[in-house]
Every structure is written in structure tokens, then in C-alpha cells.
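The following exercises introduce a single protein chain and are solved step by step. Please examine the sequence and the structure before attempting each task.

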Amino acid sequence: ISPKYKFFREQGLRPMRQLPSALIIGVKKGGTRALLEFIRIHPDVRAAGSEVHFFDKNYPRGFQWYRQRMPPTLEGQLTIEKTPSYFITKEAPRRVQHMNPSTKLLVVVRDPVTRAISDYTQAISKKPDMKPFDQLVFINSTIGCIVDTSWGPVKLGLYSRYLSRWLKYFPLSQFLFISGERLVVDPAIELKRVQDFLGLKRVVSERHFYFNSTKGFPCLFKSEGHSTPHCLGKTKGRNHPYIDPIVIQRLRDFYRPFNNRFYQMTGINFGWA
Ligand code: A3P
């Protein structure tokens with residue numbers, strides 16, 4: 001029996017596992033782990049620790065299986081799960097709607113150019129013999145040539161395409177878009193928006209964060225499972241490789257119309273150059 005269960009039992013309370021009522025659906029490398037770790041400080045939030053991949057890979061296992069992956073909750077506590085690949089999974093919108101049409105959907109978005117580089121940085125850390133970024137990003141590996149939209153790190157940044165699939169199943173009012181950039185610069189402001197959107201009391205605030213100048217990111221004074229100050233793990237906030245500014249510019253030009261479309265759809269200008 002876990003200490004948490006023991007605590008519940010001693011209180012005469014019966015914890016139950018619930019299907020999530022809110023999901024962090026993406027985007028990969030947007031800052032999804034940071035958001036999950038920050039929101040789960042809230043006493044009325046319980047989160048599945050690792051990515052469950054239910055609506056993409058594990059759907060045939062059924063909702064009962066999914067519910068068993070969730071932490072026990074008490075009445076009034078909200079269950080949340082994050083799997084960033086949901087955003088780009090074709091079947092996910094219909095499946096999530098089938099679970100619960102009022103599911104709240106959180107999407108952390110980040111400049112698609114830096115997001116692509118971040119994605120590449122993660123990939124090369126697992127597979128060091130990968131070709132350089134500027135060879136993979138263009139068809140024929142030629143700078144100035146056509147951007148290869150079939151390459152995962154590029155394709156995933158076409159947010160408007162993926163969002164239009166979701167909007168066939170959910171109204172815009174059920175989404176909250178969080179700026180990955182602002183989550184780094186001012187996590188408390190973004191967390192205020194998240195708590196309001198989820199109908200939670202504003203508990204997570206400035207006092208939970210400090211800026212760790214070694215890490216170069218906001219870190220937490222304490223959180224679930226840590227009573228001392230700590231930052232996210234080594235795989236979050238990696239150094240990116242140097243990329244030729246010409247390549248960056250070419251990518252910026254490529255994404256501009258897609259970004260503008262995304263701003264129109266969401267009604268938010270994320271300010272990506
Ligand atoms: P980089 O490693 O490229 O800097 P995800 O959790 O969705 O995979 O996103 C990872 C990204 O979260 C990191 O990408 C980093 O920029 C960003 N991030 C946002 N807030 C962070 C924080 N407080 N600590 C570390 N990384 C953070």
C-alpha cells in the first residue's frame with residue numbers, strides 16, 4: 001500500500017481514478033513537460049506522470065485501461081494527462097471527443113523554427129550519426145531549395161493544419177493556447193491563464209518559481225515529489241547546434257503564411273518573426 005493511499009484511508013476518503021478532464025495535447029518540444037510540472041503543483045490537480053499515448057498508440061486497450069493509468073483523485077480534483085503526439089494524430093480528435101466532448105485541450109506552441117531545431121537536437125542526441133540539420137531541412141539537401149515538408153521536424157510546425165482537424169470536433173473555446181516562449185520568460189502569467197481556464201483557484205504563482213541562471217530557465221522551489229528547489233531534467237533546455245542564419249531565414253519565410261493562418265484561427269498573434 002502506497003503512502004498516498006494510506007493517507008487517503010486514514011482520512012476516511014476513498015480515492016478513485018478518473019479519466020482526464022483536461023489534456024495537454026502538444027506540441028512536441030513546445031514546453032509540454034514544463035507546463036505539466038508547473039500545473040501539477042496545484043493541490044486540485046493530479047497528473048499521470050509519464051506520457052500514456054492512449055489516443056495514438058494504446059487506444060485498442062480501451063478506456064478502462066486508460067483510467068487505470070491515471071492517479072487516484074479525491075472529489076473536486078482534476079485529472080490531467082499530457083502526450084504531445086496527440087496534436088498530430090489523425091484519429092485523436094474523434095477519440096477524445098468520444099471519451100468526453102467537454103474535454104479541455106491545452107496546446108503549448110513555440111516558434112516552429114526553434115521547435116524544429118529543438119526536435120532535431122533531441123533526435124541527434126539519440127542518433128548521433130544523423131546528417132546536419134541544413135541537409136535534412138531542404139529537398140536535395142540544397143540551401144535555398146524547397147523546404148522538405150515531409151521531414152518530421154518541419155512538418156510538425158504546420159500548426160494550422162493539425163488544428164483544423166481538431167476544430168472539426170471541438171469548439172475553439174475548449175482550447176487554451178500557451179506560448180512556449182512566454183512559459184520560459186514568465187511562467188506565472190501563463191499559469192494564471194491555465195488555472196483560470198481549468199476553473200481552478202489561482203494557487204500557482206510567482207512565488208513557486210525562481211530563475212536558475214546556470215540552467216537558463218525557470219525552476220521550481222518545490223513540487224510533487226520534491227521538497228527542495230529543482231529544475232526540469234537534462235533533456236529539457238538543451239543547447240541547440242549552430243544553424244546558418246540563411247537557413248533560419250529561409251525557414252522563417254517558409255513558415256510565415258502558415259503562422260499567419262494559425263494566428264487567424266486562434267485569434268492570437270504569437271509574434272514569431
Ligand atoms: P529545448 O530543450 O530545445 O530548449 P517538451 O517538454 O514539450 O519536450 O519541450 C521541451 C522544451 O521546453 C525545451 O526545449 C525548453 O526550451 C522548454 N522549456 C520551457 N520551460 C522550461 C523550463 N522551465 N525548463 C526547461 N525547459 C523548458
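## Exercise 1: Two exposed lysines

Lys 234 is placed in the loop between strand 9 and helix 12 (245–266). The model is a predicted one. Task: determine whether Lys 234 is buried or exposed.

Solution. Step one is to count the surroundings: 9 other C-beta atoms lie within 10 Å of Lys 234. Step two is to apply the cut-off, by which 12 or fewer such atoms make a residue exposed. Lys 234 is therefore exposed. Step three looks along the chain: Lys 215 is 19 residues apart from Lys 234, and their C-alpha atoms are separated by 9.2 Å.

Apply the reasoning to Lys 201, which is found in the loop between helix 11 (187–197) and strand 8 (209–212). Lys 201 has 10 other C-beta atoms within 10 Å, so this residue is exposed. The C-alpha atoms of Lys 201 and His 42 are separated by 8.8 Å, although their positions lie 159 residues apart in the sense that they are that far apart along the chain.

## Exercise 2: The loop after strand 2

Task: state which peptide bond is cis, and decide whether Lys 29 is buried or exposed.

Solution. The cis peptide bond runs from Gly 26 to Val 27, with omega near -10 degrees. Val 27 belongs to the loop between strand 2 and helix 2. Lys 29 is also found in the loop between strand 2 and helix 2. Its phi is near 65 degrees, a positive value in a residue other than glycine. Lys 29 has 25 C-beta neighbours inside 10 Å, and therefore counts as buried.

For His 53, the loop is the one between strand 3 (45–47) and helix 3. His 53 is not a glycine, yet its phi is positive, at about 50 degrees. With 16 other C-beta atoms within 10 Å, His 53 is partly exposed.

## Exercise 3: The setting of strand 2

Task: explain why strand 2 is described as largely enclosed, and identify the strands with which strand 2 pairs.

Solution. First, consider burial: five of the five residues of strand 2 are buried, so the strand is largely enclosed by the rest of the structure. Second, consider strand 5 (residues 78–82), which runs parallel to strand 2 and is joined to it by three bridges. Within this pairing, Ile 24 has Lys 82 as its bridge partner. Third, consider strand 6 (residues 104–109), which pairs with strand 2 in the parallel sense over four bridges. Here Leu 23 stands opposite Leu 105.

## Exercise 4: The nonpolar cores

Task: find which residues have the most contacts inside the largest nonpolar core.

Solution. The largest nonpolar core has 40 residues, and those with the most contacts inside it are Leu 35, Ile 39, Leu 106 and Val 107. Another core, of 12 residues, lies apart from it and includes Val 113, Ile 117, Tyr 120 and Phe 254. Returning to Leu 106, its contacts beyond neighbours within four places in sequence include Leu 23, Ile 24, Leu 35, Leu 176 and Val 194.

## Exercise 5: The buried sides of two helices

Task: show on which side of each helix the buried residues of helix 5 and helix 9 lie.

Solution. In helix 5 (residues 92–99), the buried residues are Ala 92, Pro 93 and Val 96. They cover an arc of only 95 degrees around the axis, and therefore lie on the same side of helix 5. These residues pack against strand 2 (22–26), helix 3 (54–58) and helix 9 (159–166).

In helix 9, Tyr 159, Tyr 162, Leu 163 and Trp 166 are buried. Their arc around the axis is only 100 degrees, which puts them on the same side of helix 9. The cover over these residues includes helix 5, strand 6, helix 6 and helix 12. A general rule fits this reading: an α-helix has 3.6 residues a turn, so residues three or four places apart point the same way.

## Exercise 6: The shell around the ligand

Task: establish how many residues surround the ligand and which helix gives the largest share.

Solution. The ligand is surrounded by 19 residues, the closest being Thr 32, Arg 33, Ala 34, Ser 118 and Phe 217. Two or more residues come from each of helix 2 (32–39), helix 6 (112–126), helix 10 (180–185) and strand 9 (217–220). The largest share, three residues, is that of helix 2. By character, the shell divides into eight nonpolar, six polar and five charged residues.

Definitions and conventions:
Residues numbered from 1 in each chain as written. Predicted model: local features only at pLDDT ≥ 70, side-chain atom pairs only at ≥ 80, totals over all residues. Buried ≥ 20, exposed ≤ 12 C-beta atoms within 10 Å, placed from the backbone. Arc of directions from axis to C-beta. Contact = placed C-beta atoms within 7 Å. Near = placed C-beta within 6 Å. Nonpolar A, V, L, I, M, F, W, Y, C, P; charged D, E, K, R; others polar. Core = buried A, V, L, I, M, F, W, Y, C linked by C-beta atoms within 7 Å. Pairing = 2+ DSSP bridges.
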